Amino acid sequence: MLVNREYLVNRESVIEKVENFFDASVGDELVIYNDDKGSFLGLNEIGSEIFAILDGPTKIADLILKLSSRFDVDQAELEADVLEFINELKEYELIRIIEP
């Protein structure tokens, strides 16, 4: 069930990773440490793939398109999951919003 939630970003937003983080693979997870905030975030395989795609300024619609070609999932559910994940990355200050 999809729950309506307010996000800091939308499909047209452009985002990029911040510079001050360290990451390391631990088993199937990617662990990211934000040096400025002093916080850790563990990403599963799909979260790690999304984080890897963000290799420069990225429009969220393009990110969703890339993921939809790799995974056989409902488009609306994929979009909601990506927006929620990007919102979480923003809360951990691992990305910045270039264009809202």
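**Contacts and pairings in a predicted model**

Modeller: At the start of helix 1, the backbone nitrogen of I46 has a side-chain oxygen of N44 within 3.1 Å. The model is predicted.

Colleague: What makes this approach of N44 to I46 a polar contact?

Modeller: The cut-off for N and O atoms is 3.5 Å, and the N44 oxygen lies within 3.1 Å of the I46 nitrogen. The distance therefore satisfies the criterion.

Colleague: Which residues of helix 1 are buried?

Modeller: They are G47, S48, I50, F51 and I53. Each is called buried because its relative accessible area is under 20%. One of them, F51, has K17 over the face of its ring, at 4.4 Å from the ring centre.

Colleague: Why is the contact of K59 with E12 called a salt bridge?

Modeller: The rule asks for a Lys or Arg side-chain nitrogen within 4 Å of a carboxyl oxygen of Asp or Glu. For K59 and E12 the closest N and O atoms are 2.8 Å apart, so the pair qualifies. Because K59 belongs to strand 5 (residues 58–59) and E12 to the segment before strand 1 (14–17), this salt bridge ties together parts 47 residues apart in sequence. The whole structure contains five salt bridges.

Colleague: Are K59 and E12 buried or exposed, or what else would you call them?

Modeller: Both fall between the limits of 20% and 50%: K59 has a relative accessible area of 31% and E12 one of 45%. Each is therefore partly exposed.

Colleague: What makes E16 and R96 a salt bridge, and where do they lie?

Modeller: Their closest N and O atoms are 2.8 Å apart, against a limit of 4 Å. The pair links distant parts of the chain, with E16 in strand 1 and R96 in strand 6 (residues 95–99), 80 residues apart. R96 is partly exposed, at 27% relative accessibility.

Colleague: What qualifies R70 and E49 as a salt bridge?

Modeller: The N to O distance between their side chains is 2.3 Å, and the limit is 4 Å. R70 is in helix 2 (residues 60–70) and E49 in helix 1 (residues 45–53), so this pair, 21 residues apart, links distant parts of the chain. R70 is partly exposed at 47% relative accessibility, as is E49 at 22%. Elsewhere, salt bridges with shared partners join E16, E19 and R96 into one network.

Colleague: What makes strand 2 and strand 3 a pair?

Modeller: Pairing needs at least two bridges, and six join strand 2 to strand 3 (residues 29–34). The two strands run antiparallel, with S25 opposite L30 in strand 3. Three strands form an open, antiparallel sheet in the order 2-3-4. Strand 2 (21–26) and strand 4 (39–43) are called edge strands because each pairs on one side only.

Colleague: How many aromatic pairs are there, and why is that of F22 and Y33 called stacked?

Modeller: The count comes to three. The F22 and Y33 ring centres are 6.5 Å apart and their planes lie at 20 degrees; planes under 30 degrees apart count as stacked, so this pair is stacked. F22 is in strand 2 and Y33 in strand 3, so the pair ties together parts eleven residues apart in sequence.

Colleague: Why, then, is the pair of Y33 and F40 called tilted?

Modeller: Their centres are 4.7 Å apart and their planes are at 45 degrees, which is neither under 30 nor over 60, so the pair is tilted. F22, Y33 and F40 form one aromatic cluster.

Methods
Residues are numbered from 1 along each chain as its sequence is written. This is a predicted model: local features need pLDDT of at least 70, side-chain atom pairs count only at pLDDT 80 or more; totals for chains, interfaces and linings use all residues. Side-chain values use heavy atoms; hydrogens and water are left out. Helices (H or I, at least four residues) and strands (E, at least two) are DSSP runs, numbered from the N terminus. Buried means under 20% relative accessible area, exposed over 50%, partly exposed in between (1.4 Å probe, protein chains only). A polar contact is a pair of N or O atoms within 3.5 Å; within protein, one must be able to donate a hydrogen and the other to accept it, and residues adjacent in sequence count only if both atoms are side-chain atoms. Rings of Phe, Tyr and Trp (its six-membered ring) pair if their centres lie within 6.5 Å; planes under 30 degrees apart count as stacked, over 60 as edge-to-face and the rest as tilted. A charge sits over a ring if NZ of Lys or CZ of Arg is within 6 Å of the ring centre and within 35 degrees of the ring normal.
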